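Here are some notes to read alongside the structure. Take them slowly, and keep the viewer open while you go through the points.

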Amino acid sequence: MVVIAARISESLESAIMDVSISNMEQTASRSVGHPDFTGQLAPRPATVEDTGLGDLFLTGLITKHLYEAGVLDLLQLSERLALSGSLLETLLAFLRQEGHVEVRGRSPDSVVLRYALTERGRASAADAVIRDGYIGPAPVPLNDYVKLVEAQSVRHCVVTREKVHAAFTDTIIRESLLDQLGPAVHSCKAMFIHGDPGTGKSFICRRLSRLLGGHVLIPHALAVNETVIQYFDPSVHHPVADGISHAGFNLNQGHDPRYQLCERPVVTTGGELTLDMLELQFDGATRRYRSPLQLLANNGMMLIDDLGRQRVTPIDLFNRWIVPLEEKRDYLALQSGQHITVPFDVVLAFSTNLNPLELADEAFLRRIGYKIRFDILNEDEYTAIWKQQCTARGIEYNKETLQFLFDELYHKLKVPLLPCHPRDLIDLAQDFGRYHDRTGLSTGALQWAWDNYFIKLT
């Protein structure tokens, strides 16, 4: 996340403009995901000062882990906190001196010292859990996260026509449409995708993340003073192998293990979206914060699908995005009332089946860089998708059967050709065939599939 501020945090401005960021950007343009690269972008902390966190904060986190687990050896603590053993030994020595931690005997299968809390230590850990319930890897200071987001920014991704068309070679889509989507992603400006239901808007938008490419470092958690915000979300952040074993926390190779190397994130939300999902989530029972959706999407893409179907009005939803879209930063509030400023480094796409002019006024639409319409298919495009679906299912393509579909059903009933139809109709026809112990796609099976797929008003 980012730096504390009421509004436009000067420390955020200076962090973004810092010379170190430009050096990180130069590095980021090289070999993303390579251990040497990630090690330069987020070097392993060798001392407590290198972590950017205070001694009391880290010792409190150690005691919370021991409070939860009971007895842990140095290797287990290192894995849990994502900090080197040598760094933890310094902190454990302090805790032993203060009477909070005691050394237990070695286990039969290990030569590493084990640690447990004393009565005094348990009382201190219980108080720490009440103040902040986070128990996990050591967090990353907000200032460090700001610099990292800038270094990994989607603005550094180069999207060319050749790259766009190569990424969609397995997709039936008009070249003219790709030549609208490509510049939109390259610009990192917001997109307003609209068109009839079933024209492939959601499917194509999700695949646009292919164009960003590369990998990014994702922190497990963020620290804002003494407050910790859970960041890594396995439903959004998908780790990739970086060649560095987690058993190597005592080594100096690779990146800071408080970060996880992941694919660029893609966050998709639809009719379930509410305004509170775009704010920090605080669980009073566990005393833990969770990150809002747009924060999880940093250095990646966010798709708001089915726009206009949410329980919140479109105008309220749009108003929530005005500041992030213009300033490339967002403002979030903690339970204490303190406001923090976080980066907004997201390719934002709105997708809707409704008329854009019914959802937003011209003032907001001007802030959306690209308005892109998805249209219905022509017969050649539909045929290409039909063939593709047949091949995927091991079904022999029959031209006469498809022509029956065009002549007797689509044209006579004036039904538009949509990209979703081939997959759905073939699947239904196969259901019919399996039920009757038949193979292939007959006109009878397709008629049956059609009658079950479309609603007939009598």
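The numbered points below start with the whole chain, then turn to one helix, some single residues and two pockets.

1. **The whole protein.** Please keep in mind that this is a predicted model. Its secondary structure comes to 20 helices and 17 strands. There are 458 residues, and 50% of them count as buried. If you take the contacts with a separation of 6 or more, 74% are between residues 24 or more positions apart.

2. **One side of helix α6.** Which residues of α6 are buried? In this helix, which spans residues 74–81, they are L74, L77, S78 and L81. These four lie on the same side of α6, because they cover an arc of only 100° around the axis. Among the elements that cover them are the helices α5 (55–69) and α7 (85–97), together with the strands β1 (71–73) and β3 (114–117).

3. **The two ends of α6.** Have a look at how this helix begins: a side-chain oxygen of D73 comes to within 3.1 Å of the backbone nitrogen of L75. L75 itself belongs to α6 and is partly exposed, with a relative accessibility of 38%. From L75 you can also look across to G85, which is 10 residues away in sequence, with 6.8 Å between the two C-alpha atoms. Just after the helix, A82 has a positive phi of about 55°.

4. **Two more positive phi angles.** As background, most residues other than glycine have a negative phi. R287 is not a glycine, yet its phi is positive, at about 60°. You will find R287 in the loop that links β11 (281–283) with β12 (288–290). K414 is another non-glycine residue with a positive phi, this time of about 55°. Its place is the loop between α18 (399–413) and α19 (421–435). Are these two residues buried or exposed? R287 is partly exposed, with a relative accessible area of 34%, while K414 is exposed, with a value of 72%.

5. **A buried serine in a loop.** S291 sits in the loop between β12 and α13 (293–296). Being in a loop does not tell you about burial, so check the number: S291 counts as buried because its relative accessibility is 7%, and the cut-off is under 20%. What does its side chain meet? A polar atom of the S291 side chain is 2.8 Å from the backbone oxygen of Q230. Setting aside neighbours within four places in sequence, S291 is in contact with I229, Q230, Y231, L280 and L296.

6. **A buried aspartate in a helix.** D424 is part of helix α19. With a relative accessibility of 17%, D424 counts as buried. Its side chain makes a polar contact with the side chain of Y453, at 2.7 Å.

7. **The largest pocket.** Rolling a probe the size of a water molecule over the atoms shows where empty space is left. The largest pocket has a volume of about 730 Å³. Its lining is made up of 33 residues, and those nearest the centre are T199, G200, F203, I204 and P419. The elements that give two or more residues to this lining are α11 (175–187), α12 (201–207), β16 (346–352), β17 (370–374) and α17 (379–392). Which element gives the most? That is α12, with five residues. By class, the lining has 11 nonpolar, 12 polar and 10 charged residues.

8. **The second largest pocket.** This one has a volume of about 490 Å³. It is lined by 23 residues, with L56, G60, A128, R131 and E226 nearest its centre. At least two lining residues come from each of α5, α7, α8 (119–131) and β8 (227–230). The largest share, seven residues, is supplied by α5. You have already met α5 and α7 among the elements that cover the buried residues of α6. Sorted by class, the lining has 10 nonpolar, seven polar and six charged residues.

Key:
Residues numbered from 1 in each chain as written. Predicted model: local features only at pLDDT ≥ 70, side-chain atom pairs only at ≥ 80, totals over all residues. Heavy atoms only, no water. Buried < 20%, exposed > 50% of the residue type's maximum accessible area, 1.4 Å probe, protein only. Arc of directions from axis to C-beta. Contact = heavy atoms within 4.5 Å. Polar contact = N/O pair within 3.5 Å; in protein donor to acceptor, adjacent residues only side chain to side chain. 1 Å grid on protein atoms, 1.4 Å probe; cavity = no way out; pocket = protein on both sides within 12 Å on 5 of 7 lines; lining within 4 Å. Points joined across faces, edges and corners; volume = space filled by probe spheres on them. Nonpolar A, V, L, I, M, F, W, Y, C, P; charged D, E, K, R; others polar.
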